[in-house]
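User: I would like to go through this model in short questions and answers. Let us begin with the packing, then turn to the ligand.

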Amino acid sequence: MHRVCISSTGLYVPPHIISNAELVDTFNRYADLHNTEHATEIAAGSRAAVPYSSVEFIEKASGIQQRYVVEKSGVLDPTRMRPRLTPRPDSEISLMAEISVAAAQDALQRAGKTAADVDGVICAAANMQRAYPAMAVEIQQALGITGFGFDMNVACSSATFGIEMAVNAVRSGSARAVLVVNPEITSPHLAWKDRDCHFIFGDVCTAILVERQDTAPAGAFEVLGTKLVTSFSNNIRNNAGFMSRSEDRNPEDRDQLFYQEGRKVFKEVCPMAAEHISNHLATLDLAPSGVRRFWLHQANLAMNQLIGRRLLGRDATADDAPVILNEFANTASAGSIIAFHRHHNDIAAGEVGVICSFGAGYSIGSVVLRRL
Ligand code: CO8
């Protein structure tokens with residue numbers, strides 16, 4: 001059995017920013033169009049009017065100030081409200097693979113490694129662009145990696161679950177190093193016309209290089225342990241799938257996009273996540289008070305504050321649990337990895353940190369790290 005490290009991470013940030021002000025302006029223009037078009041039914045009570053969204057609500061309820069997206073003009077067109085993506089021929093690299101390669105190359109370069117040092121690619125994300133061939137195999141080929149690739153989806157916990165798979169492969173010796181990539185292109189399946197959730201998500205891609213400790217660069221983070229748990233819930237769901245066509249579904253049907261019971265998620269997931277982290281640390285003879293930093297999933301600022309308080313018995317500072325969702329919004333499984341990517345340089349040798357994801361499933365994954 002080998003000791004295993006996270007050697008480096010990589011980040012791809014999409015080129016377009018949508019501010020809350022731009023988002024709300026589009027939404028409210030859409031509401032006006034909708035309410036004018038359906039004025040008679042609304043007056044008769046047979047259809048509900050669409051109420052205005054507000055920047056103040058979004059910032060207070062979530063802490064999100066902006067989001068990055070792969071395409072902006074379609075999202076901000078009140079007659080469309082979804083990105084305008086151009087189909088690519090099979091001979092061209094697909095969009096998910098393209099952004100994965102960018103993040104993976106960033107991670108490789110930061111660790112001083114090349115494709116020849118890596119034996120596997122796991123593409124772990126909340127959505128895959130196509131059914132097959134696996135995205136990971138295309139990414140593997142584009143990077144020039146000899147070995148294997150496979151896809152996995154555990155929604156917002158995809159990255160941490162992917163890390164566990166990579167750690168197991170490296171620990172057992174079936175791979176020297178594995179790249180876990182998280183291309184989270186959330187904008188095509190977000191319900192931009194739903195006021196309750198139109199502000200929540202953003203696009204991004206992260207990559208994590210998991211490798212044997214004896215080949216890892218100085219300053220790598222040893223993986224002390226990983227712990228995963230799932231518990232079925234309908235409170236975060238998306239019913240789009242390969243049977244939708246045979247069910248004669250319209251891609252715009254509300255259940256073919258992201259939907260949730262946000263309040264219930266908040267109430268149920270926060271205690272689960274805090275307990276999960278404490279239990280995981282206890283199995284390693286560690287306590288939350290001994291953790292230098294928590295890199296938490298980034299869905300909602302108040303959620304992270306509540307989890308921080310439950311863990312530490314006091315308010316967590318930005319140094320205890322850094323926040324990136326103000327800039328990126330919820331980027332599904334990439335959020336905790338962006339927090340780690342942006343906020344790990346000041347961790348001293350010997351200090352311990354925890355990456356933790358939580359989300360649809362429900363699914364929770366934690367990775368306890370010690371800096372070498
Ligand atoms: N503008 C103004 N008012 C609004 C708006 C808005 N945009 N939206 C709602 N309101 C109103 C509501 O109508 C309500 O009014 P009233 O009190 O009169 O009924 C009031 O504001 C309060 O609404 P809520 O109770 O819904 O507000 P909350 O305080 O609960 O905040 C949140 C809503 C921010 C959604 C919050 O509940 C939350 O963040 N919950 C946790 C959600 C979460 O973490 N979900 C995880 C999902 S991600 C995941 O698991 C991965 C999925 C895969 C990726 C999918 C990519 C698309």
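User: Which residues of the largest nonpolar core touch the most other members?
Analyst: This is a predicted model. Its largest nonpolar core holds 50 residues. Those that touch the most other members are Ile277, Phe294, Ile307, Val354 and Phe358.

User: Which element supplies the largest share of this core?
Analyst: Helices H1 (20-37), H7 (262-283) and H8 (301-312) each supply at least two residues. So much is also true of strands E11 (293-296), E12 (352-359) and E13 (363-371). The largest share is seven residues, and it comes from H7.

User: How many residues are in the other core that lies apart from it?
Analyst: Among the members of this other core are Ala169, Ala334, Phe340 and Ile355. The number of residues in it is 35.

User: Which residues does Phe358 touch, not counting those up to four places away in sequence?
Analyst: Phe358 is one of the core members with the most contacts to other members. Its partners include Cys156, Ser157, Val269, Ala273 and His297. The others on the list are Met303, Asn304, Ile307, Ser363 and Ile364.

User: Is Ser157 buried or exposed?
Analyst: Ser157 is found in the loop between strand E5 (148-152) and H6. Beyond four places in sequence, Ser157 touches Ser333, Ser357, Phe358, Gly359, Ser363, Ile364 and Gly365. Its relative accessibility is 0%, so Ser157 counts as buried.

User: How far is the backbone oxygen of Ser157 from a polar atom of the side chain of Thr160?
Analyst: Thr160 is found in helix H6, residues 158-172. At 1% relative accessibility, Thr160 counts as buried. Leaving aside neighbours within four places, Thr160 is in contact with Leu228, Ile355, Ser357, Gly365 and Val367. From its polar side-chain atom to the backbone oxygen of Ser157 is 3.1 Å.

User: Why does Val352 count as buried?
Analyst: Val352 has its place in strand E12. Leaving aside neighbours within four places, its contacts include Leu224, Leu286, Val291, Val368 and Leu369. The cut-off for buried is under 20% relative accessible area. Val352 is buried because its relative accessible area is 6%.

User: How far apart in space are Val352 and Thr186, C-alpha to C-alpha?
Analyst: In sequence, Val352 and Thr186 are 166 residues apart. In space, C-alpha to C-alpha, the distance is 31 Å.

User: How many of the residues of helix H10 are buried?
Analyst: Helix H10 covers residues 335-342 and is mostly covered. Its buried residues are Gly335, Ser336, Ile337, Ile338, Ala339, Phe340 and His341. Of its eight residues, the buried ones number seven.

User: Which residues come nearest to the ligand?
Analyst: There are 25 residues around the ligand. By class, this shell has 12 nonpolar, 10 polar and three charged residues. Those that come nearest are Cys156, Arg195, Gln260, Asn300 and Ala360.

User: What percentage of the accessible area of the ligand does the protein cover?
Analyst: A side-chain N or O atom of Arg195 is 2.8 Å from an oxygen atom of the ligand. A polar side-chain atom of Arg263 lies 2.8 Å from a ligand oxygen, and one of Asn300 also lies 2.8 Å from a ligand oxygen. On its own, the ligand has 1,200 Å² of accessible area. The protein covers 76%.

User: Which element gives the most to the shell around the ligand?
Analyst: The elements that give two or more residues are helix H3 (55-62) and H7. The most is three residues, given by H7.

How values were computed. Residues are numbered from 1 along each chain as its sequence is written. This is a predicted model: local features need pLDDT of at least 70, side-chain atom pairs count only at pLDDT 80 or more; totals for chains, interfaces and linings use all residues. Side-chain values use heavy atoms; hydrogens and water are left out. A nonpolar core is a set of buried Ala, Val, Leu, Ile, Met, Phe, Trp, Tyr and Cys residues joined through side-chain atoms within 4.5 Å. Buried means under 20% relative accessible area, exposed over 50%, partly exposed in between (1.4 Å probe, protein chains only). Helices (H or I, at least four residues) and strands (E, at least two) are DSSP runs, numbered from the N terminus. Contact means heavy atoms within 4.5 Å. A residue is near a molecule or strand if one of its heavy atoms lies within 4 Å of it. A polar contact is a pair of N or O atoms within 3.5 Å; within protein, one must be able to donate a hydrogen and the other to accept it, and residues adjacent in sequence count only if both atoms are side-chain atoms. Accessible areas come from the Shrake-Rupley method with a 1.4 Å probe; for residues, only the protein chains shown count as cover. Ala, Val, Leu, Ile, Met, Phe, Trp, Tyr, Cys and Pro count as nonpolar, Asp, Glu, Lys and Arg as charged, and the others, Gly among them, as polar.
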